[in-house]
Amino acid sequence: MKKSLGARTVLYPLPVLLVGTYDDAGKPNIMTASWGGIVNSTPPMVAIGIRKERHTYTALDTTGEFTISFPSEENTHQADYCGLYSGKIADKCAELGLHDEKADIINAPIFEEFKACLLCKVKQKISLPTHDMFISEILDLRADENVLKDGKIDIERLAPILYDNISRAYYAVGKYLKPAYTEKRVENK
Ligand SMILES: Cc1cc2nc3c(=O)[nH]c(=O)nc-3n(C[C@H](O)[C@H](O)[C@H](O)COP(=O)(O)O)c2cc1C
């Protein structure tokens, strides 16, 4: 018999997303978000849950455009830092020595230090009791050459990190198991 642990925000795996924006003064900012995921295939869409008090929230409302960078294992300390201090009081990009460049197709920063990112445009905002959900179109995926294999992102080269909100800790992605979409149906006799 399973033990009830109550209504909890638990889902496996929780991503570590770095949401990059420009604020109304044009200053780059970056925050960590784990409340996020893919919500549509065509067009490609992602949703992120952001609290109203975040500096990022105001920037999302103002520009409607953002990047999502995927931190690699070597970026774990930067990912944690971006989730601890607000752009309202800290210049996180300067403090971490991040190098940003404005994306060509949206008004949002692409960071040199992270090996892959999505370029996103907000399409709809849904207010929920604690967070607002920004449902957004993914306009492009950008990645450094050194994480590509046959022109596609290789998960082992990117080495993205995950968040466990029960132990409040970051994890690396686990081992390879098997190819997907390969199971043969066993029909009833
Ligand atoms: C692992 C982790 C995940 C987080 N996920 C979210 C999230 O999904 N939504 C959110 O509003 N805040 C989240 N936070 C908190 C923000 O990242 C944090 O408050 C940050 O300082 C906000 O930055 P900003 O004010 O510059 O936007 C998370 C923090 C950590 C460490």
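Helices (H or I, at least four residues) and strands (E, at least two) are DSSP runs, numbered from the N terminus. Welcome to a predicted model, in which local features need pLDDT of at least 70, side-chain atom pairs count only at pLDDT 80 or more, and totals for chains, interfaces and linings use all residues. Residues are numbered from 1 along each chain as its sequence is written.

**View 1. A turn in the backbone at Ala 159.**
Start with Ala 159, in the loop between α4 (155-158) and β13. Its phi is near 50 degrees, a positive value in a residue other than glycine. Is Ala 159 buried, exposed or partly exposed? Ala 159 counts as partly exposed because it has 17 C-beta neighbours inside 10 Å. Here, buried means that 20 or more other C-beta atoms lie within 10 Å of a residue's own, exposed means 12 or fewer, and partly exposed is in between, with C-beta atoms placed from the backbone.

**View 2. The open sheet of 3 strands.**
Now follow the order β1-β13-β14, where the pairing is antiparallel. β1 and β14 stand at the edges with a single partner strand each, so one side of each is left without a neighbour in the sheet. Two strands pair if DSSP finds at least two bridges between them. β1 and β13 are joined by 2 bridges, while β13 (residues 161-164) and β14 (residues 169-172) share 4. Look for Leu 162 of β13: it is the bridge partner of Pro 15, and in β14 its bridge partner is Tyr 171. Between β13 and β14 the hairpin has 4 residues, and Arg 168 takes a positive phi near 50 degrees.

**View 3. The open sheet of 7 strands and helix α1.**
Here the strand order is β3-β2-β6-β9-β10-β5-β4, with antiparallel pairing. The edge strands, β3 and β4 (36-40), each pair on one side only. From one strand to the next, the twist averages 35 degrees. α1 packs on this sheet, touching β2 (17-22), β3, β5, β6 (65-69), β9 (116-127) and β10 (131-143), and its direction makes about 55 degrees with that of β2. Contact means that the C-beta atoms of two residues, placed from the backbone, lie within 7 Å. Axes are lines fitted to C-alpha atoms, for helices over the stretch in contact, and angles run from 0 to 180 degrees between N-to-C directions. At one edge, 4 bridges join β4 to β5, with Val 46 of β5 as the bridge partner of Ile 38.

**View 4. The shell around the ligand.**
Which residues are the closest of the 21 that surround the ligand? They are Trp 35, Thr 56, Gly 83, Ser 86 and Gly 87. A residue is near a molecule or strand if its C-beta atom, placed from the backbone, lies within 6 Å of it. The elements giving two or more residues to this shell are β3 (28-33), β5 (45-51) and α1 (55-63); β3 gives the most, with 4 residues. The shell divides into 7 nonpolar, 10 polar and 4 charged residues. Ala, Val, Leu, Ile, Met, Phe, Trp, Tyr, Cys and Pro count as nonpolar, Asp, Glu, Lys and Arg as charged, and the others, Gly among them, as polar.

**View 5. Two cis peptide bonds.**
One cis bond joins Tyr 12 and Pro 13, with omega about -10 degrees; Pro 13 lies in the segment before β1 (14-15). Another joins Thr 42 and Pro 43, with omega about 0 degrees, and Pro 43 lies in the loop between β4 and β5.
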